Amino acid sequence: MNTRSQTSIWNPTFLSVFLVNFSLQMGQYMMNTLIPKYAAHLGAAASVVGLVSSIFALTALAIRPVSGPAFDYFSKKRLLTLTTGIIAAAFVGYSLSSSVAMVIFCRLLHGVGVGCTAPLALAIASDALPEEKMGSGLGIFSLAQAVSSAIGPSIGLSLSDSLGYNKTFAIGAVLVALSCGLTNIIWEPERKTPRGAFRITPDRIIAREAVIPAVIMAFLSMSYACINAFIALYGESRGVEHIGLYFTVYAVFLLMSRPLSGTIADRFGLDRAIVPACLFFAASFFLLSRAASLPAFLSAAAVSAFGYGACQPAIQALCMRCVSKERRGVGANTNYFGTDVGQLLGPSIAGRIAESVQASGTQADGYAMVYRCMIVPILIAMGLFLINRRRLLEMSSRQQN
């Protein structure tokens, strides 16, 4: 069966990788909000909390020179099984950790897995989608992340309150292990062209045609990473209870924004989806910087869903459309190069900003300044897209023909 010959988004390959991605994202969203909180619980300062939150991107970046060539050479399905197992091992490590140093070590191991699983899942899903439905298909694919982000953080925070951090990390490890087992249901077509020798060359690590979308993604993820890193601490500093509802509201509105933005991108062009989404994303950070009550935080979450929630799949679709079908693996790898750089730099820079403001003000003042400053990378990303808009759209159209 060749999924490429199908015109439906909901073909067996897409359905199976969607299910795997959902299980994996659920485990990770339960834990991602807890990790910076756990570091603070162990006595880490704001700058160290930012480091703990972002340092996984260091190993994610380090693995990419090998992972990019491997994605288009070895079985994507088998690689996904292996790297999901690495994330499960990292979660077991979190459950056994009792110091910031051990959390950092597990975070680095976690990064190796994340550096491979996300682009592998994206590449497998892209290969399974009809070309004319790439935007809407990837928007639907990312709904696994939306649903996971709706309930994962709240479940994780609730479990940590009742069971403690270490037992909650163990539960997360079980969920990721389940995802690892589910990779066996993915149908993978036989390779029709000979592989030749496995080589690590620059064009197999980074797709030059997808570099600009990846740079745009770097600036967007730089800002987005600061939400997961500091939102729970920011809410506490404002005296806001049930801050986990931020992710629930974000995800509920994401269920509307992603299919809508994907349909707009497919029918009217990616630029019609990306520019408004960037403006919504910037507005959500302004609202966050002024939030002092739960309704204010939830309003920012709803606006953000039509911001980053619409930007991310549109930029991913642009990345995948800019490369040929045979180079989808390296195209996905290039996209996540940008994501990793943003996730590495964003919380680390934000932690420094928060700490410097907190030295002469309150904790809440520091985090509010972080969210104000993170509007700048979003505007830079939008400017880069507008400057390169015509060239990117022409390249995307050329690869589809």
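Tyrosine 371 is buried in this predicted model, because its relative accessibility is 0% and residues under 20% count as buried. The residue belongs to helix α17, which spans residues 363-373.

Tyrosine 371 takes part in aromatic pairing. A pair of aromatic rings is described by the distance of the centres and the angle of the planes. The structure holds 20 aromatic pairs. In one of them, the ring centres of tyrosine 234 and tyrosine 371 are 5.4 Å apart and the planes meet at 45°, so this pair is tilted. Tilted pairs are those whose planes are neither under 30 degrees apart, which would be stacked, nor over 60, which would be edge-to-face. The two tyrosines come from distant parts of the chain: tyrosine 234 lies in helix α11 (residues 211-237), and 137 residues separate it from tyrosine 371 in helix α17. Tyrosine 234 is likewise buried, with a relative accessible area of 0%.

Phenylalanine 285 also pairs with tyrosine 371; here the centre-to-centre distance is 5.9 Å and the angle between the planes is 55°, again a tilted arrangement. This pair, too, joins distant parts of the chain, since phenylalanine 285 sits in helix α13 (residues 271-290), 86 residues from tyrosine 371 in helix α17. Both phenylalanine 285 and tyrosine 371 are buried. Beyond these two pairs, ring pairs connect a cluster whose members include Tyr224, Phe230, Tyr234, Phe285, Phe297 and Tyr371.

The nonpolar core provides the wider setting. The largest such core has 118 residues, and Leu220, Phe230, Ile231, Tyr246, Phe297 and Tyr371 have the most contacts inside it. Helix α11 contributes the largest share of this core, with 14 residues. Isoleucine 231 illustrates the packing: neighbours within four places in sequence aside, it is in contact with Cys226, Ile243, Tyr246, Phe247, Leu288, Phe297 and Tyr371.

Helix α7 offers a further view of the interior. All eight of the eight residues of α7 (residues 134-141) are buried, so this helix is largely enclosed by the rest of the structure. The buried residues are Met134, Gly135, Ser136, Gly137, Leu138, Gly139, Ile140 and Phe141. They pack against α1 (12-32), α6 (100-128), α8 (143-163), α12 (245-268), α15 (308-321) and α16 (328-358).

One contact of another kind involves a charged residue. Arginine 64 lies over the face of phenylalanine 337, at 6.0 Å from the ring centre.

Notes. Residues numbered from 1 in each chain as written. Predicted model: local features only at pLDDT ≥ 70, side-chain atom pairs only at ≥ 80, totals over all residues. Heavy atoms only, no water. Phe/Tyr/Trp six-rings, centres within 6.5 Å; stacked < 30°, edge-to-face > 60°. Helix = DSSP H or I, 4+ residues; strand = E, 2+ residues; numbered from the N terminus. Buried < 20%, exposed > 50% of the residue type's maximum accessible area, 1.4 Å probe, protein only. Lys NZ or Arg CZ within 6 Å of the ring centre and 35° of its normal. Core = buried A, V, L, I, M, F, W, Y, C linked by side-chain atoms within 4.5 Å. Contact = heavy atoms within 4.5 Å.
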